[in-house]
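Subject: A structure for you to look at

Hi,

Here's the structure I said I'd pass on. Have a look at it first, and then read on for what I found in it.

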Amino acid sequence: MSTPRDPGLQPERTLLAWRRTSLGLVANGVLLLASGHGTSDVRLGLGIVVTVLALSCWAAVTAVYRRGAEHPALGSERVLRLAAGLVLVVGVFDLYAVVTR
């Protein structure tokens, strides 16, 4: 038995929190790109990867919440786990960039 989707503000707050996280990750990617420009190919590569992963996180979470109103169980848990994994990978890349500085 499935429970009906909560029409309250909690889903919207969750979406906004994921978007804030994605925006922070994009900022990390841009900073890595700026710090690697002309000095380090590794930082430049990491900056590109982090930026792409952050934008992927934004797109995945937005897709889940856009179609969630019509189909609440349409793989949303799997996509949100993927987004959380992307956040973890970006954190590891940032840690590597800081340690190798």
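Before we start, one term: two residues are in contact, or touch, when they have heavy atoms within 4.5 Å of each other. Also, please keep in mind that this is a predicted model.

With that in hand, take Thr 51, which sits in helix H2. Not counting residues up to four places away in sequence, Thr 51 touches Gly 29, Val 30 and Leu 33. Is Thr 51 buried or exposed? Its relative accessible area is 16%, and buried means under 20%, so Thr 51 counts as buried. Its side chain also reaches the backbone oxygen of Gly 47, at 2.7 Å.

Now compare that with Ala 34, a residue of helix H1, which covers residues 10-36. Ala 34 has a relative accessibility of 55%. The cut-off for exposed is over 50%, so Ala 34 counts as exposed. You could also check its distance to Leu 44: the two are ten residues apart in sequence, and their C-alpha atoms are 7.8 Å apart in space.

Stepping back to the whole chain, you'll find three helices and zero strands. Reading from the N terminus, the order of elements is simply α-α-α. The chain has 101 residues, and 28% of them count as buried. About 6,800 Å² of the chain is exposed, with carbon and sulfur atoms supplying 66% of that area.

What about contacts along the chain? Looking at those with a separation of 6 or more, 65% are between residues 24 or more positions apart.

Next, the inside. The largest nonpolar core is made of 18 residues. Those with the most contacts inside it are Trp 18, Leu 32, Cys 57, Val 61, Tyr 65, Ala 83 and Val 90. Which elements give two or more residues to this core? They are H1, helix H2 (41-68) and helix H3 (76-99). H2 gives the most, with nine residues.

Cys 57 is a good one to click on if you want to see the core for yourself. Leaving aside its neighbours within four places in sequence, Cys 57 is in contact with Trp 18, Ser 22, Ala 83, Leu 86 and Val 87. Two of the residues with the most contacts inside the core, Trp 18 and Ala 83, are on that list.

That's what I have so far. Shout if anything is unclear!

Cheers

Definitions and conventions: Residues numbered from 1 in each chain as written. Predicted model: local features only at pLDDT ≥ 70, side-chain atom pairs only at ≥ 80, totals over all residues. Heavy atoms only, no water. Helix = DSSP H or I, 4+ residues; strand = E, 2+ residues; numbered from the N terminus. Buried < 20%, exposed > 50% of the residue type's maximum accessible area, 1.4 Å probe, protein only. Areas by Shrake-Rupley, 256 points an atom, 1.4 Å probe, with all protein chains shown as cover. Core = buried A, V, L, I, M, F, W, Y, C linked by side-chain atoms within 4.5 Å. Polar contact = N/O pair within 3.5 Å; in protein donor to acceptor, adjacent residues only side chain to side chain.
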